[in-house]
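Here is a structure to walk through step by step. Keep the 3D view open and turn it as you read.

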Amino acid sequence: MAYEYTGDAAARLLETYDTDAATGPESAAPFPQDRRRPELNLLRRLLFPGCWNARKLLEDESAVRNTLTELGSHYEAGIRAYSGPDPSGTTTDVLERLPELRRTLEKDVEAAYKGDPAARSVVEIVRSYPGLQAIMVQRVAHCLYDAGVPEYARELTEYAKTVTGIDIHPGARIGDHFFVDHGTGVVIGETATVGDWVRLYQDVTLGALHFEEEEDDEKALKKGYKRHPDIGDNVVIGAGTKVLGAITVGDHVSIGANSWVTEDIPDHTSVFVSEHPEQERKRNG
């Protein structure tokens with residue numbers, strides 16, 4: 001016999017919906033339901049067709065246009081669900097930037113190839129490196145963020161996080177030749193800026209040191225202010241390092257693994273943990 005619920009939770013739930021923001025905007029279109037995010041696969045094919053079984057795009061402009069239209073339809077649905085600005089205009093503006101973003105991503109591939117002794121080919125980087133997948137999504141999501149649809153942009157970067165383990169907020173501003181090696185546990189906050197030729201390793205955080213509270217709303221944290229670091233050009237940040245607060249890390253800086261940085265670092269400086277804990281050993285049994 002099939003189960004049938006007969007309790008009063010349905011009525012009690014219904015009573016709560018009128019006060020719950022999580023029910024969504026009253027006039028919003030349906031949210032996209034495909035949690036596999038087809039946007040990522042379409043974006044991969046447009047930006048690196050030779051690596052993602054889309055060689056037809058290399059020769060056929062109409063095929064490229066059709067793929068742009070398909071990608072745009074997903075972007076438009078995502079934007080409309082949040083009652084953002086005119087979806088068609090925003091979508092077109094973002095798609096118009098893809099050729100420029102492709103050139104930028106080619107620089108990211110170059111940074112990965114030059115920055116990783118284990119890299120054997122460009123194709124390996126495009127298909128395998130989580131850092132490239134994460135920054136590819138983030139660069140497009142940043143365009144959406146700047147266009148006034150930060151919620152949908154956040155959906156895309158959160159999906160990239162589930163795939164790569166790398167969490168880059170769409171509001172972060174990332175320069176050219178960016179490379180995240182390994183990548184698991186990397187976090188870059190909303191108001192962070194990152195210069196050119198920056199390399200991060202796993203478990204690096206570019207985060208906030210503390211949070212300000214709203215003056216007129218108890219327990220609510222203030223929004224919209226600078227709280228994450230600015231990273232200069234030609235910077236390497238080692239695994240496990242935390243760079244916290246609205247501080248500035250200068251150009252040509254090297255930060256060693258497991259460092260804790262909460263103050264400005266001038267140009268041409270190396271930072272490292274000077275004393276490591278002593279190891280103790282004993283025989284088992």
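In what order do the 5 strands of the open sheet with β3 in it line up? Before the answer, one thing to keep in mind: this is a predicted model. The order is β3-β6-β9-β12-β14, and the strands pair in parallel. At the edges you'll find β3, residues 179-180, and β14, residues 270-271, each of which pairs on one side only.

Strands in a sheet are held to each other through backbone hydrogen bonds, and the pairing can be parallel or antiparallel. Zoom in on β3 and you can see how this looks here: 2 bridges join β3 to β6, the strand at residues 198-200, and the two run parallel. Pick out valine 180 and look across to β6, where its bridge partner is leucine 200.

There is also an open sheet of 5 strands in the order β1-β4-β7-β10-β13, again with parallel pairing. Its edges are β1 (167-168) and β13 (260-261); each has a single partner strand, so one side of each is left without a neighbour in the sheet. Take β13 as the place to look. Its pairing with β10, residues 242-244, is parallel and goes over 2 bridges. On β10, lysine 242 stands opposite tryptophan 260 of β13.

Now for the helices, starting with α2. How much of α2 is buried? Quite a lot of it: 8 of its 10 residues are buried, so the helix counts as mostly covered. Among these buried residues are Pro38, Glu39, Leu40 and Arg44. What do they pack against? The buried residues of α2 pack against α3, α5 (98-115), α7 and α8.

Let's stay with one of those partners, α7. Two packed helices are described by the angle between their axes and by the distance between the axes. For α2 (residues 38-47) and α7, the axes come within 11 Å and cross at roughly 95°. Angles from 65 to 115 degrees count as roughly perpendicular, and α2 and α7 are therefore roughly perpendicular to each other. On the α2 side, the contact is made by Leu40, Leu43, Arg44 and Leu47; on the α7 side, by Gln133, Met136, Val137 and Val140.

Arg44 is worth a second look. The charged end of arginine 44 sits over the ring of tryptophan 52, 4.5 Å from the ring's centre. You can find a similar arrangement further along the chain, where the charged end of arginine 227 sits over the ring of tyrosine 225, 5.7 Å from its centre.

Rings can also pair with each other, and a search of the whole structure turns up 2 aromatic pairs. One is made by tyrosine 75 and tyrosine 152, which meet edge-to-face, 6.2 Å centre to centre with 70° between the planes. This pair links distant parts of the chain: tyrosine 75 belongs to helix α3 (residues 61-81) and tyrosine 152 to helix α8 (residues 150-164), 77 residues apart. Are these tyrosines buried or exposed? Tyrosine 75 is buried, with a relative accessible area of 1%, and tyrosine 152 is buried with a value of 1% too.

The rings of tyrosine 129 and phenylalanine 179 have their centres 6.4 Å apart and their planes at 25°, so this pair is stacked. Tyrosine 129 lies in the loop between α6 (122-128) and α7 (130-146), while phenylalanine 179 lies in strand β3, 50 residues apart. Both tyrosine 129 and phenylalanine 179 are buried. And that brings us back to β3, an edge strand of the sheet we began with.

How values were computed:
Residues numbered from 1 in each chain as written. Predicted model: local features only at pLDDT ≥ 70, side-chain atom pairs only at ≥ 80, totals over all residues. Heavy atoms only, no water. Pairing = 2+ DSSP bridges. Helix = DSSP H or I, 4+ residues; strand = E, 2+ residues; numbered from the N terminus. Phe/Tyr/Trp six-rings, centres within 6.5 Å; stacked < 30°, edge-to-face > 60°. Buried < 20%, exposed > 50% of the residue type's maximum accessible area, 1.4 Å probe, protein only. Lys NZ or Arg CZ within 6 Å of the ring centre and 35° of its normal. Axes fitted to C-alpha atoms, helices over the stretch in contact; angles between N-to-C directions. Parallel < 35°, antiparallel > 145°, perpendicular 65-115°, else oblique. Contact = heavy atoms within 4.5 Å.
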